[in-house]
Amino acid sequence: MTRALIVIDVQNDFCPGGALAVAEGDQIVPDINTLMTEFDAVILTQDWHPAGHSSFASSHAGRNPMELIEMPYGPQVLWPDHCIQGSTGALFHPDLTTDRADLIIRKGFNPAIDSYSAFFENDHTTPTGLEGYLKTRGIRDLTLVGLATDFCVNFSAVDAARLGFDVTVRQDLCRGIDLDGSLSSAITGMKEAGVTII
């Protein structure tokens with residue numbers, strides 16, 4: 001067992017009609033379900049914010065969604081309230097085959113810090129535990145799909161490559177937000193980190 005599919009944040013709030021919808025985010029679901037059958041392990045990540053999370057624009061007086069502010073751990077995009085714990089928006093897309101998952105990693109539950117990556121919170125040091133899980137199972141080869149290409153997929157892929165995993169991102173099974181050129185920057189950054197983009 002050496003290969004895992006990591007499905008990033010395919011949740012209602014990131015799909016059309018959601019609080020932070022990614023265009024065509026729902027269209028990748030059927031092919032992700034099909035791809036799951038080709039892997040030894042399937043891991044799902046789930047954004048899981050408490051109400052009033054520090055990354056929400058609503059938590060900062062006079063600030064609007066998509067503004068950039070400086071947090072103690074670095075720059076932070078302020079988002080609309082999304083993926084609040086226990087809400088319908090935080091649930092996986094209803095068509096996603098969640099029963100196939102070996103593990104679900106919830107992230108962003110610390111109210112003081114956001115967490116894009118499946119491996120670390122945005123301070124780049126607080127681990128989610130995923131690295132240890134994969135290594136103890138002998139999994140070295142990761143394929144990433146999901147939402148959004150330029151944020152959570154990007155951060156997860158770069159961290160995985162830096163941790164020594166062989167990482168592939170299936171661009172056809174991801175969709176991006178593209179905030180001020182973030183999609184192009186993310187693709188470049190992933191390639192520079194040693195991620196294979198197909």
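**Entry 1: Q46**

I count a residue as buried when its relative accessible area is under 20%. With that cut-off in hand I opened this model, which is a predicted one, and went to Q46. Its relative accessibility is 4%, so Q46 counts as buried. I found Q46 in strand β2, a strand that spans residues 41-47.

Next I asked myself which residues Q46 is in contact with, leaving aside its neighbours within four places in sequence. I noted D9 and Q11, then A90, L91 and F92, and finally I104, I105, R106 and K107.

**Entry 2: R106, a partner of Q46**

I followed one of those contacts to R106, which sits in strand β5, residues 103-107. Is R106 buried, exposed or partly exposed? I read 40% relative accessibility for R106, so it counts as partly exposed.

Setting aside residues up to four places away in sequence, I saw that R106 touches Q46 and W48. The side chains of R106 and Q46 are joined by a polar contact of 3.0 Å. I also looked up the C-alpha atoms of R106 and D47: they are 5.9 Å apart, although the two residues stand 59 residues apart along the chain.

**Entry 3: The nonpolar cores**

I turned to the largest nonpolar core and found 57 residues in it. Which of them have the most contacts inside this core? I wrote down V7, F119, L134 and L142.

Then I listed the elements that give two or more residues to this core. The strands are β1 (3-8), β2 (41-47), β6 (141-147) and β7 (166-175). The helices are α1 (29-36), α2 (130-136), α3 (149-162) and α4 (182-192). The most comes from α3, which gives seven residues to this core.

I picked L142 for a closer look. Beyond its neighbours within four places in sequence, L142 is in contact with A4, I6, F119, L134, A160, F165, D166, V167 and T168. Apart from this core I found another one, of six residues, including A57, M71, L78 and I113.

**Entry 4: Helix α3 and its two ends**

Since α3 gives the most to the largest core, I checked how covered it is. I found that α3 is mostly covered, with twelve of its 14 residues buried. Among the buried residues are T149, D150, F151, C152 and V153 towards the start of my list, and V158, D159, A160 and A161 towards its end. What covers the buried residues of α3? I noted β1, β4, β5, β6, β7 and α4 among the elements that do.

I looked at what comes before and after this helix too. A148 lies in the loop between β6 and α3, and a cis peptide bond joins L147 to A148, with omega of about -15°. Just after α3, G164 takes a positive phi of about 100°.

**Entry 5: Empty space**

I looked for cavities next. How many of 30 Å³ or more does the structure hold? I found one. I noted a volume of about 120 Å³ for the largest cavity. It is lined by 15 residues, and those closest to its centre are F14, L20, W79, F151 and C152. By class, I sorted the lining of this cavity into nine nonpolar, three polar and three charged residues.

The largest pocket holds about 340 Å³ of space. I counted 17 residues lining this pocket, with L68, P75, V77, Y116 and F155 the closest to its centre. Both β4 (74-77) and α3 supply at least two residues each to the lining of the largest pocket. By class, the lining of the pocket has nine nonpolar, six polar and two charged residues.

**Entry 6: Two positive phi values in loops**

I ended with two residues that are not glycines. C83 has a positive phi of about 50°, and I placed C83 in the loop between β4 and β5. D180 has a positive phi of about 55°, and I placed D180 in the loop between β7 and α4.

Are C83 and D180 buried or exposed? C83 counts as buried, because its relative accessibility is 0%. D180 is exposed, with a relative accessible area of 76%.

Terms used
Residues are numbered from 1 along each chain as its sequence is written. This is a predicted model: local features need pLDDT of at least 70, side-chain atom pairs count only at pLDDT 80 or more; totals for chains, interfaces and linings use all residues. Side-chain values use heavy atoms; hydrogens and water are left out. A nonpolar core is a set of buried Ala, Val, Leu, Ile, Met, Phe, Trp, Tyr and Cys residues joined through side-chain atoms within 4.5 Å. Buried means under 20% relative accessible area, exposed over 50%, partly exposed in between (1.4 Å probe, protein chains only). Helices (H or I, at least four residues) and strands (E, at least two) are DSSP runs, numbered from the N terminus. Contact means heavy atoms within 4.5 Å. A polar contact is a pair of N or O atoms within 3.5 Å; within protein, one must be able to donate a hydrogen and the other to accept it, and residues adjacent in sequence count only if both atoms are side-chain atoms. On a 1 Å grid over the protein atoms alone, a cavity is a set of points where a 1.4 Å probe fits but cannot get out, and a pocket is an open set with protein on both sides within 12 Å along at least five of seven lines; lining residues have an atom within 4 Å of a point. Grid points are joined across faces, edges and corners, and a volume is the space filled by probe spheres set on the points. Ala, Val, Leu, Ile, Met, Phe, Trp, Tyr, Cys and Pro count as nonpolar, Asp, Glu, Lys and Arg as charged, and the others, Gly among them, as polar.
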